[in-house]
Amino acid sequence: MTNLLTYQVYENVAVVTIDSPPVNALGIDVRQSIVEGFKRASADVNVQAIVLACDGRTFFAGADIREFGSKPKSPILPEVIAFIESSPKLTIAALHGTPLGGGLETALACHYRIALAGTRMGLPEVNLGLLPGAGGTQKLPRLVGIPAALEIITSGRQIKADEALKLGIIDRVCESDNIVASAISYAKELVDQNATRTLVLDRNEKTAEHRGKSEVYDAFRAKNARRFRGFKSVENIIKAIQLAADLPYEQGLKRERELFTELQQSRDSSAQQHVFFAERESSKVPDIPRTTPVRPIDAVGIIGAGTMGGGIAMNFLNAGIPVTLIEQKQEALDHGISIIRKNYQRSVKAGRMTEEALEARITLITPSLDYADLASVDLIIEAVFETMEIKKEVFSSIDAVAKPGCILASNTSYLDLDEIAGATSRPQDVIGLHFFSPANVMNLLEVVRGEHSAPEVINTGMRLAKIIGKTPVLSKVGWGFIANRVMKVRGYQTDNLILQGINPEIIDKVIYDYGFAMGPIAMKDLVGLDVLGRDSNERTVESVLVDMGRLGQKKNGGYYDYDQNRQKTLSPLALEVIREVAKEKGIEPVLADEAEILARLLYPIINEGAKVLDEGIAMRSSDIDIACIKGYNWPVYKGGPMFWANSIGLDRVLKKLEEFEQRFGSAFTPSPYLVRLVEEGKEF
Ligand code: CAA
């Protein structure tokens, strides 16, 4: 017997319990243990029902993702599931924690399911570029119907026990905190009642009404076209669910496996699996063990109620943490709070929040014009104008009022955190907490480690991210830290391409087709040409457009003209300005196809990433991937710039950079680190 299995019999009920920390992922040992447990129970003549349960924090949280790259060992999960389904006894899955993916599919192999209140279950394979490949696409629709299955499997969302009960995924929610005891009594009850033993795979009532109705799936595709764009897994999921309605179970299952295998072998899925682990890795700091103390953050002060400060505040309010919001003038304070309220009202209108929840959040705000009101908070985040002098003044003022041990954080995007910390008497308590706009939406939190930041201050910053629903990436001090620094080079190249006569619409198209939600030029128009940072007073296309009163989408159009429905067409005026400015600068037109435009825009990001690594600003290449995905919406199915570079081949990236360096100059000079990696035949 493997040591993951505990087998116990309570009168006529056998309990097969698996314990494989941390999350009971269904690796080979776990799969073998389940089969072993079921074999014993089936052979036991006194046993009439089998409860399948897990120890630890959760029922099986899915297939073991670490096994995905290697050849699967038998019994594979579909074999385990078929084995459970062939059991001569009544079977009950006892769920707690997060039964996800293959975990939920295992539960669906049982006749009945009981869950602890608070259990969250789902089929999140879409997040790994996969589909539920062990019967999930065929069985969930049989329980919840086609429309609900489409929504649940393409979103990958977690469903709470009470909703799962309503939907019919489970049969009972147990209110006691002992799931195994409840499952045993439930099993006895079912045996006593001689309850039916219908397997999910044999239930066809809910799928029958959608048989042969391809229009249902087309309508679903059309409704979600924007959200699904680029995700191959979604298309295969929809196809598989349609088969659940159209084909007998066995045939549907066979096709599901083919559609699963197709995805499993895809680069997109490898990229999404990389992102899954990268996201977990990014919160680990090798020289700061997890056991490092964390300072409690029960109250926060935020200086600056502008767009950034307000957005940052919302994260804490959402987590139930009170915020003291400081501004210099009452009007600015009132305006800031009204924007926060407006943002929440949008959620209420969309049905994502109740009025009461909105009010509860607003009451957590203490507005103030006086730094003295920050005396009792545990963390102060400065989000004021991006000027060193102002930041230093603010830090010296908060140093005077903050209690000992309070963490002083700057949201600076580009400035030297160590210089800011130097304005205080406690640089050990200073860190950067760099949010990305809109700060209440974007999931990245760059935690900036100053020269003197204490380990527990850094650790608190990293842990805080999880509390407010962000993914942390640690950065050392350096201009632009990680995400802004690497993405900035795309901006420079966009400007160069425009001046070299490349049609802005084509530049936008190339980036959109790669998978970004929007091209860089449409993005400039959206942000507003007047608010884009300028590096100098030089006459640029944008400075001329702004002087003409063309501020972007918000006023008179920018690079594009916009109609009442915000449909855009390239502006002839803007094209004229581009030609003029290019002439003034003596820039000759060049020709480039779409592949070259893409390489000119994105390869410099890879190169900058290599520099960031070489300088030790980022700890690992996967952190740069996470920073770009969570901070700039880099398409997750490309895995971020560094993973993408590996998949292209670093030698090919280097060769292109060298060619561009010859043609266009030093902006493309390869990082010595990249050169070294290629020489040594290594990857990021
Ligand atoms: N396989 C391997 N390792 C896994 C794993 C899995 N399915 N799920 C989690 N882990 C690991 C994490 O990598 C992490 O390891 P480290 O501590 O070494 O970093 C550890 O378990 C704990 O995970 P989290 O830090 O994420 O813990 P959490 O409490 O925040 O979240 C969770 C727990 C909700 C289970 C979350 O880990 C999660 O969402 N896991 C993925 C679930 C999933 O996608 N399952 C479907 C797998 S695909 C599948 O099942 C295909 C199929 O149909 C055949």
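How many residues surround the ligand, and which are the closest? Here is a friendly walk through the structure, beginning with that question.

1. **The answer, and the ground rules.** There are 26 residues around the ligand, and the closest are R57, A63, E105, R280 and K284. A residue belongs to this shell if one of its heavy atoms lies within 4 Å of the ligand. Please keep in mind that this is a predicted model, in which local features need pLDDT of at least 70 and side-chain atom pairs count only at pLDDT 80 or more, while totals for chains, interfaces and linings use all residues. Residues are numbered from 1 along each chain as its sequence is written, and side-chain values use heavy atoms, with hydrogens and water left out.

2. **Polar contacts to the ligand.** A polar contact here is a pair of N or O atoms within 3.5 Å; within protein, one must be able to donate a hydrogen and the other to accept it, and residues adjacent in sequence count only if both atoms are side-chain atoms. In R280, a side-chain N or O atom is 2.6 Å from an oxygen atom of the ligand. G102 takes part through its backbone, where a polar atom is 2.8 Å from a ligand oxygen. R66 has a polar side-chain atom 3.4 Å from an oxygen of the ligand. On its own the ligand has 990 Å² of accessible area, and the protein covers 79% of that; such areas come from the Shrake-Rupley method with a 1.4 Å probe, and for residues only the protein chains shown count as cover.

3. **Who builds the shell.** Two elements give two or more residues to the shell around the ligand: α3 (102–107) and α13 (267–281). Of the elements, α13 gives the most, with three residues. Helices (H or I, at least four residues) and strands (E, at least two) are DSSP runs, numbered from the N terminus. By type, the shell divides into 13 nonpolar, five polar and eight charged residues. In that count Ala, Val, Leu, Ile, Met, Phe, Trp, Tyr, Cys and Pro are nonpolar, Asp, Glu, Lys and Arg are charged, and the others, Gly among them, are polar. Domain 1 (1–122 + 158–198) and domain 2 (124–157 + 207–265) each supply at least three residues of the shell, with bounds from an automatic or database domain assignment.

4. **H96, a histidine in a loop.** H96 sits in the loop between β4 (90–95) and α3. Is H96 buried or exposed? H96 is buried, at 10% relative accessible area; buried means under 20%, exposed over 50%, and partly exposed in between (1.4 Å probe, protein chains only). Its side chain reaches two backbone atoms: the oxygen of G56 at 2.8 Å and the nitrogen of T58 at 3.3 Å.

5. **Two enclosed helices.** Helix α20 (residues 483–499) has 17 residues and runs 25 Å from its first C-alpha to its last, close to the 24 Å expected at 1.5 Å a residue; that expected span is 1.5 Å times one less than the number of residues. Twelve of the 17 residues of α20 are buried, so α20 is largely enclosed by the rest of the structure. Among them are V486, M487, R490 and L497. After α20 comes G501, with a positive phi near 85 degrees. In helix α5 (residues 146–155), seven of the ten residues are buried, so α5 is also largely enclosed by the rest of the structure. The buried residues of α5 include I146, L150 and I153. After α5 comes G156, with a positive phi near 70 degrees.

6. **Cis peptide bonds.** S74 and P75 are joined by a cis peptide bond, with omega about 0 degrees, and P75 lies in the loop between β3 (49–54) and α2 (77–85). Another cis bond joins S437 and P438, where omega is about -10 degrees; P438 is in the loop between β14 (430–435) and β15 (444–449).

7. **Positive phi outside glycine.** E11 has a phi near 50 degrees, a positive value in a residue other than glycine. E11 is in the loop between β1 (5–10) and β2 (13–18) and counts as exposed, at 63% relative accessibility. N556, also not a glycine, has a positive phi near 65 degrees. Its loop runs between α23 (541–547) and β17 (560–562), and N556 is exposed at 51% relative accessible area.

8. **A residue to finish with.** F660 lies in helix α28 (residues 650–664) and is buried, with a relative accessible area of 0%. F660 and V200 are 460 residues apart in sequence and 59 Å apart in space, C-alpha to C-alpha.
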